[in-house]
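Please look over the sequence and the structure shown below before reading on. The report that follows takes up the domains, the sheets and the surroundings of the ligand in turn.

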Amino acid sequence: MSESTMKIIDLHKDIGRKQIIRNLNFEIRPGEVFGFIGPNGAGKTTTIRMMVGLIGITKGDVVIKGHSIKKEYRKAISEVGAIVENPEMYPFMTGWQNLKHFARMSNGITDERIKEVIQLVGLDNAIGTKVGKYSLGMRQRLGIAQALLHSPSVLILDEPTNGLDPAGIREIRRYIRRLAVEENVSVIVSSHLLSEIELMCDRIGIIKNGKLIATNDLNEESDTDTSIVNLDVNPKEEAIEVLRTMPDIEVLETADRLQIRLKRDDIPHLVTTLVHRDIEVYGVNVTQTTLEDRFLEMIGENVID
Ligand SMILES: Nc1ncnc2c1ncn2[C@@H]1O[C@H](COP(=O)(O)OP(=O)(O)OP(=O)(O)O)[C@@H](O)[C@H]1O
């Protein structure tokens with residue numbers, strides 16, 4: 001396994017007497033899109049600010065490509081591109097002029113590199129237009145282009161989908177996935193809405209009350225292929241008996257409705273078995289368990305606002 005791009009080691013943050021972040025440990029792998037999810041006030045922004053050296057660390061460390069943000073700030077931060085607050089863009093200048101302006105403030109960024117990042121975020125056609133005329137989504141993408149100019153190993157985006165309409169969210173998603181692959185950059189995206197970033201992430205970490213309560217690999221098949229099924233059958237009691245004898249089926253509820261959990265691929269076999277046992281099947285209502293359901297289960301509250 002290749003070395004991690006970023007390690008968050010036993011991170012703590014106190015502000016005044018308040019313990020904001022507690023005992024945070026996780027790693028970001030090369031080229032992955034990592035979703036940092038939690039309800040408002042969970043501590044995402046505070047963690048990200050520590051990752052990029054904007055605020056001090058009470059205890060623990062953030063190590064980026066082997067460099068400690070505390071002890072080797074310059075080396076560590078040179079590996080990071082970030083949009084934490086809204087990026088400062090000059091509305092009276094074109095996209096190109098804005099990027100050129102930022103490029104001048106760093107060393108060694110060529111016009112070729114500027115063109116490359118413009119292409120990566122799909123702003124080729126709009127780069128000669130004044131930023132004041134850009135949509136919010138386009139401004140976000142210009143911000144991402146700016147953060148990528150110095151070829152960082154990790155790109156950190158705090159709530160990149162905030163305020164975007166569904167089309168804008170779809171675009172950001174598409175470009176973030178694309179640049180993770182094409183630039184081989186690791187991307188950390190924070191959000192309080194799982195549904196907005198789920199589709200672009202390889203893994204997610206869930207934070208609540210300043211603690212990481214779970215990480216979840218979205219590419220693992222077992223996570224996506226179980227289904228919750230509501231059955232309308234007669235006689236119900238007999239069906240329940242049959243279900244209990246079948247391996248890999250979990251009976252969730254038998255009172256009002258008969259609800260089970262099983263692998264999606266096992267549904268045809270389930271129906272055949274019930275029919276062979278002379279049970280009448282009136283309805284098989286499949287609800288795919290979404291990550292959102294499991295997320296809400298895990299954090300124990302409704303975060304949709
Ligand atoms: N400077 C500060 N002084 C006191 N408390 C703070 C300060 N900054 C953050 N907090 C508190 O720390 C907690 C975490 O805040 P943070 O902004 O990191 O959460 P978040 O997960 O990013 O939420 P949001 O999605 O609302 O930005 C909150 O309870 C917040 O009130």
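The centres of domain 1 and domain 2, taken over C-alpha atoms, are separated by 42 Å in this predicted model. Domain 1 covers residues 6-218, while domain 2 covers residues 222-294. As for confidence, the mean pLDDT of the protein is 89, and 91% of its residues reach a value of 70 or more. The model also carries an ipTM of 0.93 and a pTM of 0.78. Where pLDDT is low, the predicted coordinates should not be read in detail.

**The sheet of six strands**

Strands of a sheet pair through backbone hydrogen bonds, and they do so either parallel or antiparallel. One open sheet has 6 strands, which follow each other in the order S6-S7-S8-S3-S9-S10, and its pairing is mixed. Strand S6 (80-83) and strand S10 (211-217) stand at the edges of this sheet, and because each has a single partner strand, one side of each is left without a neighbour in the sheet. On average, and with direction ignored, neighbouring strands of this sheet are turned by 15 degrees against each other. Within the sheet, strand S7 (residues 154-157) runs parallel to strand S8 (residues 186-191), and 4 bridges join the two. One of the residues taking part is Leu157, whose bridge partner in S8 is Val189.

**The sheet of four strands**

Another open sheet is made by 4 strands in the order S2-S1-S4-S5, with antiparallel pairing. Its edge strands are S2 and strand S5 (67-68), each of which pairs on one side only. Strand S5 is joined to strand S4 (residues 59-64) in the antiparallel sense over 2 bridges, and Val63 stands opposite Ser68 in S5.

**Strands S11, S12 and S13**

Strand S13 (residues 258-263) pairs in the antiparallel sense with strand S11 (residues 226-234), and 6 bridges connect them. Strand S13 also runs antiparallel to strand S12 (residues 250-253), to which 3 bridges join it. S12 and S13 form a hairpin, with 4 residues between them. The table gives bridge partners that lie in S13.

| Residue | Bridge partner in S13 |
|---|---|
| Leu231 | Leu258 |
| Val251 | Ile260 |
| Glu253 | Gln259 |

**Around the ligand**

Which residues are found around the ligand? They are Ile15, Lys18, Ile20, Gly38, Asn40, Gly41, Ala42, Gly43, Lys44, Thr45, Thr46 and His192. Sorted by character, the residues of this shell divide into 3 nonpolar, 7 polar and 2 charged. Strand S2 (18-28) and helix H1 (44-51) each supply at least two residues of the shell, and H1 gives the most to it, with 3 residues. Strand S2 is thus met twice in this report, since S2 is an edge strand of the sheet of 4 strands and also supplies at least two residues of the shell around the ligand.

Methods. Residues numbered from 1 in each chain as written. Predicted model: local features only at pLDDT ≥ 70, side-chain atom pairs only at ≥ 80, totals over all residues. Domains from an automatic or database assignment. Pairing = 2+ DSSP bridges. Axes fitted to C-alpha atoms, helices over the stretch in contact; angles between N-to-C directions. Near = placed C-beta within 6 Å. Nonpolar A, V, L, I, M, F, W, Y, C, P; charged D, E, K, R; others polar. pLDDT = per-residue confidence, 0-100.
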